[in-house]
Every structure is written in C-alpha cells, then in structure tokens.
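Got your viewer open? Grab the selection tool and follow along, one stop at a time.

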Amino acid sequence: MKFTFTFFIACIYSFSLIGSEWYNGNRDAGEVGVLDSLDIFNTITDIEKQMRGTVESQEQTSVTPISVHLRDSVQLQEREVSKGNAGFSDATVRRTDSNRLNSAKKQRTNYLDSLYVRKKNGTLELPDSLFRSPDLGGLTFKDTMIINPLFLPVVFTGKILPDDLSFYPPKEEDPYKGILISPENTFAPMLEKMAFIDEVRRQYWRQYPDRVKISVYHFDTIPRIDTQKDVIEKFNPFKELIKAERTAPLEPPAVKTVEIGRKYWILFGEHSLQFSQNYFSANWHKGGTSNLNFNNYHMIQANYQKNNIRFNNMLEWRFSIYNSPEDTIRNYRIGEDLIRYYGNLGIDAFIKKWSYSMNTEIKSQLFNNYPPNTTTLRSALLSPLYVNVGIGMRYGLDKKSKEIRYRRLRLTLDLSPLSVNYRYVANSKVDVGRYGIPEGKKSMLDLGSTITSIMTYDITRYISWNSRFKYFTAYDNVEAEFENTLNMMLSQYFSTRLYLNVRYDDTVDPDPTFKYFQINEVVSFGLNYKW
C-alpha cells in the first residue's frame, strides 16, 4: 500500500512538469513569433549560454533519480532487516553508502566532471546535442554570401613568410595537455583551415608569380587588419581602470612668438668719481700745503662685428681738479684734462687672430689751464690737438685661465708701418713750441710708423690691470706714451685706483730734471661703476 501511494505521487509530479514545459514553450513561441537571424546567430555562437542551460536542465532532471535511488535504498534496507538477512546488516549499508560518497568526491575534482565524462587523453566528452541546433533551418543572411576563401581571386598581399616562422626545431608536446575541451569542439579546425588556405596562397605566389595579376596596391582603399597588439590595446579593461586624471590640459598654451634678430653692436662702459685729501698743520716740521683732489673718469665703448668685419670705438675722458692755496689768482687748478677717441676698423686675415686694420686716435682737452700765479694760457680746447692715423695689421688675444677662476688676459697689438701724425694748436695765446711745433706755425705733420698695444689683465675678480702703450717714430724723432692703471675693487661700487702715465717726446725742449720724460701719477679712492 505504501509503495502504491509513493508511485502515484511520482506520476502526478512528472505529469505536472511535462505540462508546465509545454505551456511555457507555447507561450514563448506566441510572444516571439518568427525568430530574428541575429538572435539565432547569438544563440548558436554563445557557448557559455548553451553550457549554462545544459547544466540547469541536468540539475532539474537529476532530482527524480536521486529521490528514487534514496527511496529504493530505504525500501531495500527495510526489506532485508525484516527478513533477518545477516549479510545485509545496517552497518554494511552505511559502509556501502560512505564508500560511494567517497568515490564520488574523488572523481569530482572539477565542477565539469560532475556533468561530463573524461576521455583517455584527459579531455571532456561533450554530447553531440550541444553542437547541433535545430534553429539553423530558419537562419537567413540577406546581405551575406557564404563562400570558400580558397576559390577567391588570388591577390598578392606581400606576406610571403608565415606568421609562425621559427628557426628552432618544433617541440614535441601533447596537444591535449592542460585543456578541458577537445580542440575538435572549438575553433581550432576553422583556424587550421584558414592556415591551410594561407599556405596554399603562398605556394601559388612562389610557383606561379606570373599568374598573379592583382596586388593590394591596385585597390584605392585597403581594409585594415587589426594585429594582436591592436586588439590588446583596444580591448584592455585595465587601460580605463588605471587612468590618470588630469586637472589641466596637456596641450601647450598659445604663446606669441617673437623673432629676435642678431645684435651686431655691443655697448659697455666704466665710470668713476674718486678723491684724495692731504692736510698739513701750520707748524709741520717739514712744511706742506693741504689740498683736496677730485678725479673723474668716464669710458664708453661701442664695438661692431658682422661676419669678418670688426669696428671698435672707444671714447674716454679724464679730468682731475684740486684746490691750490699757494695760487693767489685762483682757488683751484686743473691737474689732468684729456678727451680721447680711439677707433679700429678691421677685416679678418687668412691667419688666425690677425686682421687687416686701420687705426685712428684723436685727443685734446676741454678746459683752459694756467700756471700758478700767472695769466699765461698753457693749454685750451683743441690746443693742442693730436691726430694719428695708421694702416697695418692687428693681433688679438683673449685667453682665460684654466687653473684660477676669473683670471683673464685680453691683448690687442696694432702694427701700422704707414702712419700719419698730426699736431695742431688752435688758440694763438698758447705757446706752440711747448708741443714741438716750430715758431710761426700752428700745425706739424709727420710721416712714420706706429705701434699701439692695449692690455687688460684681470688678476682676480676684484683686481685688474689696464695698460696702454703707444710708440710713434718719424725716423728723426720719437713720441711714446705708457699708461698703467691698477684698479682694486672693495665692493661693487667702491674701489681704489693707482694711475701712472709716463710720456717721452724729444720734439720739445728738454727739462733740466726729467729731460724728455714726463710723469703723471695719481692715487685715489671713491665710487666705481661698470656696465
């Protein structure tokens, strides 16, 4: 009676399942109607969806066998116990069930092992129903023509060598090692077919090159084939996840460009205002005269250089004034008054550091100068006026020390074998004989040779020595000057200056003490500025 009741309940449950599946199938068919080609194609190619549906259907159908198996085991156990069969005791049944469960656990090392059986080579044996679809009968491609690529016209693409070309011998490996699904049930056969078609085309290109009439260069547009690298870059999910956020655009801002032309003129200069002071008391044992001396020095240079042409210009003015207590006519006297222009025009020669040059020197003074306690005019503007013009060659040197920082030597040497030296006195009150001009004349012209050398030696960053030497000879008289200035800077704007000028001129009357030599020496302290 109990067995009949259980069988009746199982039949009712089976009929209900069959009826529900039939009802759902009719309802889905009524809602969907005619299947779309795209839906059918997705259903066929979506292997993951097919496997998930197969697993769900097997799990549903496995409920009834498991329940029936458990029911038969219980009935068999009760029947054997009632019969008193000693061979099938309760302990024996429990041991049999535990062995079965242990063997099932050992076999199910992977979830797919619970669904499919493995072959001898280790791959899963999938049912044929998984790869057969009854929907292929309704599949239509209205805009697609399915053909075999092997029978298309031969087009030369330039890929003579295979993609898997290797100079190493192939390794013998088991093709089924480490895989779950057999390659026959994947896209491997299709890939092998395409590889075979490519190999046939390469063989055809090599054996019958004269029959290949079409190349990819004959087409206006060539379809782009994505490489493996492009696919990885395009479908890389981490590229979007690991992305830096930019708060400011990386594009460079619009900058208004300005064209800077080359500068051919270079200007620089030096200015100084210095003083010196002496004081003697009235009872000083040796006597003396207290005085205050002001020295003014200004120098501006403008140099031009373009290609192999050089034009250097220098304008300087030296002026010193001091008080004169012993002069009863004036309270001051002028010590030095010199305004001078020196220019050099040169063209580079074929020898390095040498150039063909023409030198010009013009010098005079600005203010009137008188001897003490007299009204006799000694010198004035353009009285005297010295002009020297020479043609020759120039040597230039600019050398920096490699051992001591800021030590530098700059030297220019002008050799003028053909020179003109002109002297002129404009004021008639000035004694022309003092400047080597014969009596009754205002000017004198000499032809000869000139050597001029200018040196600037930076001993340290704060100590420099400037020297200028000029020698002119008319072959019967000589005029020479040797100027030296030692400048010691205490700071950027304060310095101490030692100036010594030695002059030789044998065209004038000799002095009882110094003969043809003339000496001017000044020591001063004050402001100094360079730019």
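**Stop one: A380 and its surroundings**

Select A380 to begin. Leaving aside residues up to four places away in sequence, A380 touches S364, Q365, F367, N368 and N427. Keep in mind that you're looking at a predicted model.

Now add L377, Y386, V425, V430, V432, Y435, I437 and M444 to your selection: together with A380, they make up the largest nonpolar core, 9 residues in all.

**Stop two: the barrel**

Switch to cartoon view and look for the closed barrel of 12 strands. Trace it from β5 through to β16, in numerical order, with antiparallel pairing. On average, neighbouring strands of this sheet are turned by 20° against each other, ignoring direction. What holds such strands together? Strands of a sheet pair through backbone hydrogen bonds.

For one pair, colour β7 (residues 309–323) and β8 (residues 332–348), which run antiparallel and share 15 bridges. Then pick N313 and look across to β8, where its bridge partner is G343.

**Stop three: S419**

Next, jump to strand β11, residues 408–424, and select S419 there. Is S419 buried or exposed? S419 counts as buried because its relative accessibility is 0%.

Show the side chain of S419 and check two spots:

- The backbone oxygen of S416 lies 3.2 Å from the side chain of S419.
- The side chain of T450 makes a polar contact with the side chain of S419, at 3.0 Å.

Finally, display what S419 touches beyond four places away in sequence: V389, G390, D446, L447, G448, S449, T450 and F472.

Key: Residues are numbered from 1 along each chain as its sequence is written. This is a predicted model: local features need pLDDT of at least 70, side-chain atom pairs count only at pLDDT 80 or more; totals for chains, interfaces and linings use all residues. Side-chain values use heavy atoms; hydrogens and water are left out. Helices (H or I, at least four residues) and strands (E, at least two) are DSSP runs, numbered from the N terminus. Buried means under 20% relative accessible area, exposed over 50%, partly exposed in between (1.4 Å probe, protein chains only). A polar contact is a pair of N or O atoms within 3.5 Å; within protein, one must be able to donate a hydrogen and the other to accept it, and residues adjacent in sequence count only if both atoms are side-chain atoms. Contact means heavy atoms within 4.5 Å. Two strands pair if DSSP finds at least two bridges between them. Axes are lines fitted to C-alpha atoms, for helices over the stretch in contact, and angles run from 0 to 180 degrees between N-to-C directions. A nonpolar core is a set of buried Ala, Val, Leu, Ile, Met, Phe, Trp, Tyr and Cys residues joined through side-chain atoms within 4.5 Å.
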